[in-house]
Amino acid sequence: MTVTKEFAVKIDTELSALHDLHWKFVNDLESAIEAKEFYEKHDPTRIDEITKYQNKIASAREKIFRIGNEILDFNAIYDQDPWTRAFLVSNSNGHVHSSMDCNTCFATTRYNWLVQYSNDDENTIVEDAGQDACTICYPSAPAEVLNRPSRIVTADKIAKAQAKAERDEKKAQRIAKEKANAPTASGEFLTYTEGKWKRVIKTERSAIIEWADLQYAINREIVTHYYDGKAHSAESIQEQTDKKVFAQEIADLIAKNLSEKHGVSFDQELKILDNKYQKRRSA
């Protein structure tokens with residue numbers, strides 16, 4: 001019979017899914033065997049666990065046998081009139097092979113079955129595989145092709161690209177939200193230095209709260225205590241004065257940036273902040 005592209009892709013798509021199932025059931029079998037042997041060696045009184053894994057072993061073997069027969073049936077169709085195929089080894093440096101029998105691979109090698117290339121001309125496969133083409137499977141591949149990056153797109157690559165796009169979108173949304181909530185017109189955080197510490201105000205709400213908190217230091221009276229006719233305080237008058245001046249500077253810095261963000265004058269912003277401050281005090 002004459003094999004069509006559509007027919008080859010259909011058969012190989014079925015086979016690819018069956019091979020994936022076969023691989024899964026083999027892993028299930030190996031895990032069940034390891035678990036059963038563990039209990040037999042370290043906790044032989046756990047008959048329930050041993051029995052559970054014996055049943056899992058039997059179930060996995062039955063599934064492997066059934067899947068194996070289905071694979072043989074599809075292989076028989078392929079063997080009647082073989083067509084070209086392409087397989088990409090599932091690792092970061094995997095090569096593209098013409099079969100799963102290449103002597104550079106192993107029984108444990110996993111493949112991405114590139115069904116989109118089933119029944120394609122070998123040159124088309126090599127052209128797209130580029131530097132990923134296996135030189136054992138494709139010995140006639142031109143050197144200039146082997147030096148070119150691969151153009152093959154797999155489901156895994158698509159999934160990774162989609163995941164990256166989603167991460168980038170979430171990051172962009174987070175940055176946009178931060179800029180929208182920032183206390184500055186530019187969308188940047190507002191920073192200032194207090195002693196040896198760098199203070200960062202990330203949101204407009206935080207800036208309003210900070211401005212209100214600073215009012216306590218600004219409006220606080222300078223405290224003096226007299227003992228033996230001399231003024232004493234936990235802080236000197238100069239230290240208290242410096243703190244009031246510094247608090248006023250930061251409060252003005254906050255008001256200035258908020259006024260620029262809101263598109264109002266500095267005095268208008270001060271009124272807005274003071275109204276919120278008074279409501280907070282009376283609440």
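In this predicted model, the buried residues of helix α7 are Gln240, Ala247, Ile250, Ala251, Ile254, Ala255, Asn257, Leu258 and Ser259. Many of these positions can be read against the helical repeat. An α-helix has 3.6 residues a turn, so residues three or four places apart point the same way. The buried residues of α7 pack against two strands, β4 (190-194) and β5 (197-201). They also pack against two helices, α6 (204-219) and α8 (266-282).

The length of α7 was checked against its residue count. The helix covers residues 237-262, which is 26 residues. At 1.5 Å a residue, a span of 38 Å is expected. The C-alpha atoms at its ends are 37 Å apart, so the two values agree. Just after α7 comes Gly263, with a positive phi of about 70 degrees.

Ser259 is one of the buried residues of α7. Its relative accessibility is 5%, and it therefore falls under the 20% limit for a buried residue. Leaving aside residues up to four places away in sequence, Ser259 touches Val264, Ser265, Phe266 and Glu269. Phe266 belongs to helix α8. The contacts of Phe266, counted with the same exclusion of residues up to four places away, are Asp252, Ala255, Lys256 and Ser259. Ala255 and Ser259 are also among the buried residues of α7. Phe266 and Lys256 are separated by 10 residues in sequence, yet their C-alpha atoms are 5.8 Å apart in space. Phe266 itself is partly exposed, because its relative accessibility of 31% lies between the 20% and 50% limits.

The strands that meet α7 form a hairpin. β4 and β5 pair in the antiparallel sense, over five bridges. Two residues lie between the strands. One residue of the hairpin, Gly195, takes a positive phi near 65 degrees. Two pairs of residues mark the register. Thr193 has Lys198 in β5 as its bridge partner. Glu194 stands opposite Trp197 in β5.

A second group of strands forms an open sheet. Three strands take part, in the order β2-β1-β3, and the pairing is antiparallel. β2 (96-97) and β3 (111-113) stand at the edges. Each has a single partner strand, so one side of each is left without a neighbour in the sheet. Strand β1 covers residues 87-89 and is joined to β3 by three bridges. In this pairing, Leu88 stands opposite Asn112 in β3.

Beyond β3, the chain enters a loop that leads to α3 (122-129), and Asn119 is found there. Asn119 has a positive phi of about 70 degrees although it is not a glycine. Its relative accessibility is 27%, so Asn119 counts as partly exposed.

The largest pocket was examined next. Rolling a probe the size of a water molecule over the atoms shows where empty space is left. The largest pocket holds about 590 Å³ of space. Its lining consists of 23 residues. His19, Phe87, Met100, Tyr111 and Trp113 lie nearest the centre of the pocket. By class, the lining divides into 10 nonpolar, nine polar and four charged residues. Three elements, α1 (5-42), α2 (47-80) and β3, each supply at least two residues of this lining. α1 gives the most, with six residues.

Ser16 offers a view of the contacts made by α1. This residue has its place in helix α1. Ser16 is buried, because its relative accessible area of 15% is under the 20% limit. Not counting residues up to four places away in sequence, Ser16 touches Trp113 and Val115. Trp113 is one of the residues that lie nearest the centre of the largest pocket.

How values were computed: Residues numbered from 1 in each chain as written. Predicted model: local features only at pLDDT ≥ 70, side-chain atom pairs only at ≥ 80, totals over all residues. Heavy atoms only, no water. Pairing = 2+ DSSP bridges. Helix = DSSP H or I, 4+ residues; strand = E, 2+ residues; numbered from the N terminus. 1 Å grid on protein atoms, 1.4 Å probe; cavity = no way out; pocket = protein on both sides within 12 Å on 5 of 7 lines; lining within 4 Å. Points joined across faces, edges and corners; volume = space filled by probe spheres on them. Nonpolar A, V, L, I, M, F, W, Y, C, P; charged D, E, K, R; others polar. Expected span 1.5 Å × (residues − 1). Buried < 20%, exposed > 50% of the residue type's maximum accessible area, 1.4 Å probe, protein only. Contact = heavy atoms within 4.5 Å.
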